[in-house]
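Got the viewer open? Let's walk through this one stop by stop, with a selection to make at each.

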Amino acid sequence: MTDFAPGPMVTGEQIRAARAMLRLDQKQFATLTHTTVGAIRRMERTRGPVSIASGLLEAMRVALEEAGIEFIEAGHYQGIGGPGVRMK
């Protein structure tokens with residue numbers, strides 16, 4: 001059985017935006033986040049929260065945060081808006 005993350009949500013839009021901010025192609029991004037290009041493509045096509053194994057999600061978040069990305073939860077910035085990313 002696969003363990004899915006109940007914690008902070010990460011959306012396909014956030015993943016796409018983080019990759020663009022780091023100026024990486026999908027292959028470079030897959031290497032950075034220790035996953036496959038196919039997995040990146042599937043996640044980036046997802047509208048809203050992605051459903052991946054919690055260990056993979058956590059590893060991806062850590063790799064992106066170490067590369068300078070900060071995840072913003074919905075409504076966190078000035079009390080309005082959806083989830084996003086920004087450079088630290």
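Here is the tour, from the whole chain down to single side chains.

**Stop 1: the whole chain**

Start with a cartoon view, and bear in mind that this is a predicted model. You should find four helices and two strands, running α-α-α-α-β-β from the N terminus. Of the 88 residues, 36% are buried. The exposed surface comes to about 5,500 Å², with carbon and sulfur atoms supplying 53% of it. Contacts across the sequence are worth a look too: among those between residues at least 6 apart, 55% join residues at least 24 apart.

Now colour by pLDDT. The average is 83, and 85% of the residues score at least 70. Select residues 1-6, where the pLDDT is below 50; this stretch still has eleven contacts in the model beyond its near neighbours in sequence.

**Stop 2: the nonpolar core**

Which residues have the most contacts inside the largest nonpolar core? Select Ile15, Ile40, Met43, Met60, Leu64, Ile69 and Phe71 and show them as sticks; the core they belong to has 17 residues. Helices α1, α2, α3 and α4 and strand β1 each give two or more residues to this core. That fits a general tendency: in soluble globular proteins, nonpolar side chains tend to be buried together.

Zoom in on Ile40, in helix α3. Its relative accessible area is 0%, so Ile40 is buried. Leaving out residues up to four places away in sequence, Ile40 touches Gln26, Phe29, Ala30, Thr33, Thr35 and Met60. Try a distance label as well: the C-alpha atoms of Ile40 and Gly12 are separated by 9.1 Å, with their positions 28 residues apart along the chain.

Next, pick Ile69. With the same neighbours in sequence left out, its contacts are Ala18, Met21, Leu22, Leu64, Val85, Arg86, Met87 and Lys88.

**Stop 3: helix α4**

Select residues 54-66. This is α4, 13 residues reaching 18 Å from the first C-alpha to the last, close to the 18 Å expected. Which of its residues are buried? Highlight Ser54, Leu57, Met60, Arg61, Ala63 and Leu64. The cover over them includes α1 (12-21), α2 (26-32), α3 (37-45) and β1 (69-72), so bring those into view.

Stay on α4 and show Arg61 and Glu65, whose side chains meet in a salt bridge at 3.6 Å, N to O. The two are four residues apart in the helix, so about one helical turn separates them. Arg61 counts as buried at 15% relative accessibility, whereas Glu65, at 27%, is partly exposed. Just after the helix, click on Gly68, which takes a positive phi of about 110 degrees.

**Stop 4: two more salt bridges**

The count of salt bridges is three. Select Glu44 and Arg19: their closest N and O atoms are 2.6 Å apart. Because Glu44 lies in helix α3 and Arg19 in helix α1, this pair ties together parts that are 25 residues apart in sequence. Are these charged partners buried or exposed? Glu44 is buried at 6% relative accessibility, and Arg19 is buried too, at 17%.

Then move to Arg86 and Glu70, which meet at 3.2 Å, N to O. Arg86 lies in strand β2 (residues 84-87) and Glu70 in strand β1, so this bridge ties together parts 16 residues apart in sequence. Arg86 is partly exposed at 32%, and Glu70 is partly exposed at 27%.

**Stop 5: loops and the start of the chain**

Most residues other than glycine have a negative phi. Two loop residues here go the other way. Select Arg23, in the loop between α1 and α2, where phi is near 55 degrees. Arg23 is exposed, with a relative accessible area of 76%. Then select His34, in the loop between α2 and α3; its phi is near 60 degrees. His34 is exposed as well, at 64%.

Last, go to Thr11, in the segment before α1. Is Thr11 buried or exposed? At 4% relative accessibility, Thr11 counts as buried. Show what is around it: setting aside neighbours within four places in sequence, Thr11 is in contact with Gly48, Pro49, Val50 and Pro83.

Methods. Residues are numbered from 1 along each chain as its sequence is written. This is a predicted model: local features need pLDDT of at least 70, side-chain atom pairs count only at pLDDT 80 or more; totals for chains, interfaces and linings use all residues. Side-chain values use heavy atoms; hydrogens and water are left out. The expected span of a helix is 1.5 Å times one less than its number of residues. Buried means under 20% relative accessible area, exposed over 50%, partly exposed in between (1.4 Å probe, protein chains only). Contact means heavy atoms within 4.5 Å. pLDDT is the predictor's confidence in each residue, from 0 to 100. A nonpolar core is a set of buried Ala, Val, Leu, Ile, Met, Phe, Trp, Tyr and Cys residues joined through side-chain atoms within 4.5 Å. Accessible areas come from the Shrake-Rupley method with a 1.4 Å probe; for residues, only the protein chains shown count as cover. A salt bridge is a side-chain nitrogen of Lys or Arg within 4 Å of a carboxyl oxygen of Asp or Glu.
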